[in-house]
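Please open the model in a viewer and keep the selection panel at hand. The tour below proceeds from one selection to the next.

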Amino acid sequence: MSTSQSLLIGDTGARSRGGTDPGQIMTLNMGPSHPATHGVLRLALELDGEVIVRAQPEIGYLHRGDEKIAENMTYTQFIPYTDRLDYLAPLANNVAYALAVEKLLGIHDRLPERCQYIRVICCELARISAHLLGLGAFAMDVGAFTVFLHTFTEREKIYSLIEALTGARFTATYTRIGGLSRDLPAGWTSELETFLNEVEVNFDETERLLTRNPIFMGRTQGVGIISAKDAVDSGLSGPNLRGSGVAHDLRKAHPYLIYDRLEFEVPVGAVGDCYDRYLVRMEEMRQSVRLLRQCLKQLPGGPINVADPKVVLPPKDKVLTRMEELIHQFILVTQGVNAPPGEVYFSAENPKGELGFYINSRGGGTPHRLKIRAPSFCNLSILPRLLPGNMISDVVSILGSLDFVMGECDR
């Protein structure tokens, strides 16, 4: 480190700590290979003893370029790439992207009711899965390893349900522009009902292990407090925003699919600390179970795809026997759906927050520009404001409570 850099850091420490000797300020790298950073996140921390005086997150280690990739393939071909954003909730990513393209095509209000209900089931199942992993990893970060085992037990059941539904456990690519790749398999709804009964027992067990645990409370209460103003100013969304007392949920504020027909509550925090963010996610999982039960009770029959041969692939038997369907299949596969010129933005309430897609079209089957509003990226923007003043040991608690995914951040 150069002398000028040392003096600059020393001045920063002196201002924040009331005259600290510049030589006592230490620069520490946390990550990009550290289990508590949950991926390739690097934090450049400047410390006065064990107290953080400055924090600078550094991202971009994955070099993904999803947005540029989207401009070189058809709308349908990009669906598998959305699986890799928040890869803990690929089904929800698929739905958000498909709804954005359908808004561009002007068919979002023509989706069959069965398709909409199944998409909501996918989104809420993904929310439970993502929160289970987030809370399990958060608990393990602060020393509660047993909770991690409990949450992963339930996630294995979710993966079995997803595999039966989509044919894949992890990167499912289940949603299609204008509908779904396939309908629910026989007996799947009964298996889902069984899972919902079991996972509620798991919620109770997790809360008995954590919610009144004095060690967990000591590591999270009063730590990483984000005020409502700071949360809004920093562009936070999802549980991190609601943990600060802001009752903003896109499923309520701007309902999509059939969310306006379903009853659920939006949990909010009172303090805005790590503990509040934990409580919000626990209650959100219970609300997702409530939504899933309503969807199973109201699930209608009927088609799962829009009846438009220029958007949805025709049945294979007709492709093999009729010329018109063969032509539609050839055009959709080689050129993609013929989107009109224009621009749209659509966002959905994903487990990590507001996942948005901006599409700029000049016509044809490929977007001219595509921009992804990644909630993990926006949620990490508060770290330079949030970390200073906390202890170095608190960084682990704060990062775990923010529950980010670097695959989405480095999109």
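Two strands are taken as paired if DSSP finds at least two bridges between them. With that criterion in mind, and noting that this is a predicted model, begin with the strands.

**Stop 1: the S6 and S7 strands**

Select residues 339-350, strand S6, together with residues 353-364, strand S7; the two run antiparallel and are joined by 11 bridges. Between them, a hairpin of 2 residues makes the connection from S6 to S7. To examine one bridge, display Ser347, whose partner in S7 is Gly356.

**Stop 2: from strand S6 to helix H10**

Next, select Glu349 and Arg242, which form a salt bridge with their closest N and O atoms 3.1 Å apart. Glu349 belongs to strand S6 and Arg242 to helix H10 (residues 239-242), so this pair ties together parts that lie 107 residues apart in sequence. Are these two residues buried or exposed? Both Glu349 and Arg242 are buried. Extend the selection to Glu124, Arg127, Asp249, Arg251 and Glu284: together with Arg242 and Glu349, these residues are joined into one network by salt bridges that share partners.

**Stop 3: further salt bridges**

The whole structure contains 31 salt bridges. For another of them, select Arg169 and Glu156, whose side chains meet at 3.0 Å, N to O. Arg169 is located in the loop between helix H6 (145-166) and strand S4 (175-176), while Glu156 is in helix H6 itself, 13 residues apart. Arg169 has a relative accessibility of 30% and therefore counts as partly exposed; Glu156, at 39%, also counts as partly exposed.

Move on to Asp204 and Arg286, where the side chains form a salt bridge of 2.9 Å, N to O. Because Asp204 lies in helix H7 (residues 188-210) and Arg286 in helix H12 (residues 274-298), the pair ties together parts 82 residues apart in sequence. Asp204 has 35% relative accessibility, so Asp204 counts as partly exposed.

**Stop 4: aromatic pairs**

Turn now to the rings, of which the structure holds 14 aromatic pairs. Select Phe138 and Phe216: their arrangement is edge-to-face, with 5.7 Å from centre to centre and 65° between the planes. Phe138 is part of helix H5 (residues 113-141) and Phe216 of helix H8 (residues 214-220), so the pair ties together parts 78 residues apart in sequence. Both Phe138 and Phe216 are buried.

A second edge-to-face pair is found by selecting Tyr259 and Phe264, at 6.2 Å centre to centre and 65° between the planes. Tyr259 and Phe264 are both buried. Keep Phe264 displayed and add Lys252: the charged end of Lys252 sits over the Phe264 ring, 4.5 Å from its centre.

For a cluster, select Phe78, Tyr81, Tyr97 and Phe357, which are linked by ring pairs. Then centre the view on Phe377; Arg411 lies over the face of this ring, at 4.8 Å from the ring centre.

**Stop 5: Thr220 in helix H8**

Finally, return to helix H8 and select Thr220, which lies in this helix. Why does Thr220 count as buried? Its relative accessibility is 0%, and the cut-off for buried is under 20%. Which residues does Thr220 contact, apart from its neighbours within four places in sequence? Display Phe138, Asp273, Cys274 and Tyr275, with which Thr220 is in contact. Phe138 is also the residue whose ring forms the edge-to-face pair with Phe216.

Key:
Residues are numbered from 1 along each chain as its sequence is written. This is a predicted model: local features need pLDDT of at least 70, side-chain atom pairs count only at pLDDT 80 or more; totals for chains, interfaces and linings use all residues. Side-chain values use heavy atoms; hydrogens and water are left out. Rings of Phe, Tyr and Trp (its six-membered ring) pair if their centres lie within 6.5 Å; planes under 30 degrees apart count as stacked, over 60 as edge-to-face and the rest as tilted. Helices (H or I, at least four residues) and strands (E, at least two) are DSSP runs, numbered from the N terminus. Buried means under 20% relative accessible area, exposed over 50%, partly exposed in between (1.4 Å probe, protein chains only). A charge sits over a ring if NZ of Lys or CZ of Arg is within 6 Å of the ring centre and within 35 degrees of the ring normal. Contact means heavy atoms within 4.5 Å. A salt bridge is a side-chain nitrogen of Lys or Arg within 4 Å of a carboxyl oxygen of Asp or Glu.
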